[in-house]
Amino acid sequence: MADYIDALVDAAADGDGVSLDGLHVARTGDGYRLETPSAERDGLSESALSDALSDFDEYATNWFFWSRVVGESSPQRRAFLRWVEGADAEDQSVPARYDALRDGIEREWGQLHVTVTLDDDGQRHYELRHVNEADREHDDLDTYHEPLAARQLATYDEKGRYRPLKSGNNLAGGWVFPDLDGRDLVETVETFYPASVPNWYREREGTLDVEHWVDTIGRQTGMYSVVKTWNRGDGHEHVDWVAESCCDDSQCVKRREWQYDDETDLDVDGGDGAFPCREPCSLVIAASRKWTRLEGENTQTYEFELTPSEKEQLEAIVDAVADDRTDDIREADVYEGANRYRARFLRAKLFDDDGNLCGVPTEDES
Amino acid sequence: MQALVIVAHGSHLNPDSSTPTYDHADTIREVGAFDEVRTGFWKEEPSIREVLRTVESDEVYVVPLFISEGYFTEQVIPRELRLDGWDVADWDSDGLSATHVTLPAGDVPEKTVHYCGPVGTHEAMTDVIVRRAESVTEDPDVGDGFGLAVVGHGTERNENSAKAIEYHAQRVRDMDRFDEVQALYMDEDPEVDDVTDYFDADDIVVVPLFVADGFHTQEDIPEDMGLTDDYRTGYDVPTEVDGHRIWYAGAVGTEGLMADVVLERAADAGADIGDALEVVRERTRKTPMAGD
């Protein structure tokens, strides 16, 4: 008899018996009772129960996997792994889920693509790769097996630039973890996106400790305490701009749940990320410190003379930088305002020797 | 179950800032002294705010990978960890003597958190400075004929910073191993710029007491000492300056033996680490012992 059936029979003999995903086995007055959504059997001896369970092999291996392999030691790991294969969907039986698992069930987590499959013993196997490479052959990708290998993969973007934000929407590809077990899958996911699983789990449990802008900047001290002075009781437009700059889905894969304060939502969308962002991150705080200083300046009226195309070109340059497109603009594509030669022409024509646009000094010299 | 959590500063700009933290965490993970080893950062992720929720164990030892007691160890880290009832007076420290406190943390009320003093003020740090000198000279017996300079920020930002430098300089001096030992500073006298003025020895090992290599250790100090006019062009080890050979070691925190100090901090706070200290001391040695 398979080990998992022995384990199940042992568990059924204890206390309230076994109950998971539609399988119920318990000891009653006249032997064991076995129940699945499609069958009920009563009055079974221990050996008859073992035989009967063989007819419900998928329920038995499913129980074994969740009870003995994954276990309850980490509720957040268990919840995440169940989410990956849709185990908590009430409208799907274990046999139907097993059919899907044999083909592979796919999930996305930020820029990660997880595929869970099944072997003959009901063990799950997890494959992890970049979401943009879901269809690429294994041979085209570098293979990794250790969760901590993700640390290096997460450090630099596709162009070799340092990624200061692990949840930045710029994870480089080219790699695959072809066969992780459940524990290592969660470790690897947590290395790519630290604390994403516990925060997601707390959100599901209704205990996520969202800290809004006002609370988070309120506890800053030292060089960051200045950010408090940016709130001047005149609305939250400045925080809308921060969120639009830093927290948009194009920049960060977390779903922003923090708002201006408890009672005031920001006007920009928090995004569609799989896992939540519970407070302004250190990057937002550091950038906001700079913006606090910059936004303390008063506006001045400058007079520049630009052709309509020059005005549009300046706008195109800002757009290209903001969307990180400057490297994508071809060297000879002089039709793009943010093309290097176009920008150099603009500088040659409009800047004086001190770098002033149209020769207009930044500070009033009169 | 017991977990080790190493907390460090990290950087938005410099990928090397967190490297020593990860390296020491890996070293300790490999010896298996803890069921879990995690890292948390002020500027990277997981943030110190969220690191405790990544831990499964019920006993958590938090060791700050910082050089001195001060703003980060006394204010920022306890606040971000949400240590309930934290009072810096509980450390009862003279600026060098913080060991640990045991407190609950609001973020994970079911766990016990042992919050340790920084690695930089632990007496075992002195051995790391000496090991760093051995590594950079590739001589396990370095000392005779050599001077050793321990370099720190100075007191401009934190008076305890200089205390840690003086403390370790004195302890190395007491070993009677190097011909001369001198504490030097970046922003006050005696200044690292004038390093050769403070030594008679031909050979001087210079060890900056910093956690990670970055702007100060890779750019400022090499240029200030005259190892190079432009840090981008690099420098030799040793480099001849004013008739002395300067063996510049870079940040002491990159030395593998730092993992030993992290373990010492946790063990002092009650962690059961078995023979991990002995194993780490041997595994992190780059220079063979005499007779090996």
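Let's start with one pair of side chains: Arg278(A) and Glu50(B) join in a salt bridge, with 2.9 Å from N to O. Keep in mind that this is a predicted model. That pair has company, as the interface of chain A and chain B holds 10 salt bridges. Add to that 22 residue pairs in polar contact between chain A and chain B.

Which parts of chain A supply residues to the side that touches chain B? Helices α4 (75–84), α7 (182–192), α8 (196–205) and α11 (282–294) of chain A each bring at least two residues to that side. By type, the residues there split into 12 nonpolar, 10 polar and 13 charged.

How many residues are in contact across the two chains? On chain A there are 35, and they meet 26 residues of chain B. Together the chains bury about 2,500 Å², and carbon and sulfur atoms account for 39% of that area. Three residues stand out here: Arg151(A), Tyr162(A) and Arg219(A) give 24% of what chain A buries against chain B, more than any other three residues.

Now for the annotated stretches of chain A. The unreviewed UniProt entry lists residues 3–71 of chain A as "domain: DUF7348". It also lists residues 206–290 of chain A as "domain: DR2241 4Fe-4S iron-sulfur cluster binding". Here is how the two spans look in the model:

| Span of chain A | Helix | Strand | Distance between end C-alpha atoms |
|---|---|---|---|
| Residues 3–71 | 49% helix | 30% strand | 16 Å |
| Residues 206–290 | 29% helix | 5% strand | 35 Å |

Definitions and conventions:
Residues are numbered from 1 along each chain as its sequence is written. Chains are lettered from A and ligands numbered from 1 in the order in which they are written. This is a predicted model: local features need pLDDT of at least 70, side-chain atom pairs count only at pLDDT 80 or more; totals for chains, interfaces and linings use all residues. Side-chain values use heavy atoms; hydrogens and water are left out. UniProt positions are given in the numbering used here, feature names are shortened, and annotations may be inferred rather than shown by experiment. Helices (H or I, at least four residues) and strands (E, at least two) are DSSP runs, numbered from the N terminus. Contact means heavy atoms within 4.5 Å. Buried area is the accessible area (1.4 Å probe) that two parts lose on being put together, summed over both. A salt bridge is a side-chain nitrogen of Lys or Arg within 4 Å of a carboxyl oxygen of Asp or Glu. A polar contact is a pair of N or O atoms within 3.5 Å; within protein, one must be able to donate a hydrogen and the other to accept it, and residues adjacent in sequence count only if both atoms are side-chain atoms. Ala, Val, Leu, Ile, Met, Phe, Trp, Tyr, Cys and Pro count as nonpolar, Asp, Glu, Lys and Arg as charged, and the others, Gly among them, as polar.
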